[in-house]
Amino acid sequence: MKTLLLVKEIYLEGFKNLGNIIIRNYFKAFLWFSVAMFAVVLYAFIFRLTTGFVWD
């Protein structure tokens with residue numbers, strides 16, 4: 001039982017900060033993806049306004 005608890009402690013210590021790094025990097029990547037997609041939508045909207053798109 002003591003060995004199992006030691007393995008559990010080693011596992012928890014080894015992966016304690018790994019999740020935070022992965023989540024932080026995931027959200028950074030998601031932020032830049034969202035900003036890029038918003039820029040594309042904004043560009044398309046402004047392009048349609050300047051070329052005289054008919055809004056029916």
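This short presentation describes the fold, the surface and the aromatic contacts of one protein chain.

Colleagues, the model is predicted: local features need pLDDT of at least 70, side-chain atom pairs count only at pLDDT 80 or more, and totals for chains, interfaces and linings use all residues. Residues are numbered from 1 along each chain as its sequence is written, and side-chain values use heavy atoms, with hydrogens and water left out.

I begin with the overall form. The protein chain has two helices and zero strands; helices (H or I, at least four residues) and strands (E, at least two) are DSSP runs, numbered from the N terminus. The radius of gyration is 24 Å, well over the 10 Å that the globule rule gives for 56 residues, so the chain is more spread out than a compact globule. That radius is taken over C-alpha atoms, and the globule rule is 2.2 Å times the number of residues to the power 0.38. Along its principal axes, the C-alpha trace spans about 75 × 20 × 5 Å.

Two separations illustrate this in space. Leu42 and Thr3 are 39 residues apart along the chain, and their C-alpha atoms are separated by 59 Å. Leu49 and Lys16, 33 residues apart in sequence, lie 51 Å apart, C-alpha to C-alpha. Leu42 is in helix 2, as is Leu49.

How much of the chain is buried? Buried residues make up 0% of the 56 residues, where buried means under 20% relative accessible area, exposed over 50%, and partly exposed in between (1.4 Å probe, protein chains only). Leu42 is partly exposed at 41%, and Leu49 is partly exposed at 49%. The chain exposes about 5,700 Å², of which carbon and sulfur atoms supply 74%; accessible areas come from the Shrake-Rupley method with a 1.4 Å probe, and for residues only the protein chains shown count as cover.

Helix 1 covers residues 2–14, and its end C-alpha atoms are 18 Å apart, in agreement with the 18 Å that its 13 residues should span at 1.5 Å a residue. The expected span is 1.5 Å times one less than the number of residues. Helix 1 is hardly covered, with zero buried residues.

I turn now to helix 2. Tyr26 is found in helix 2, residues 18–50, and counts as exposed at 52% relative accessibility. Tyr26 also belongs to a nonpolar surface patch with Ile23, Phe27, Phe30, Phe33, Met37 and Val40, together offering about 750 Å² of accessible area. Tyr26, Phe27 and Phe30 form one aromatic cluster.

What does a search of the whole structure find in aromatic pairs? The search finds three aromatic pairs. The rings of Tyr43 and Phe47 have centres 6.2 Å apart and planes at 25°, so this pair is stacked. By definition, rings of Phe, Tyr and Trp (its six-membered ring) pair if their centres lie within 6.5 Å; planes under 30 degrees apart count as stacked, over 60 as edge-to-face and the rest as tilted. Tyr43 and Phe47 are separated by about one helical turn because they are four residues apart in helix 2. Tyr43 is exposed at 58%, whereas Phe47 is partly exposed at 41%.

Key:
Patches are made of residues with over 30% relative accessible area and no salt bridge: like charges are joined within 9 Å, nonpolar side chains (Val, Leu, Ile, Met, Phe, Trp, Tyr) within 5 Å. A salt bridge is a side-chain nitrogen of Lys or Arg within 4 Å of a carboxyl oxygen of Asp or Glu.
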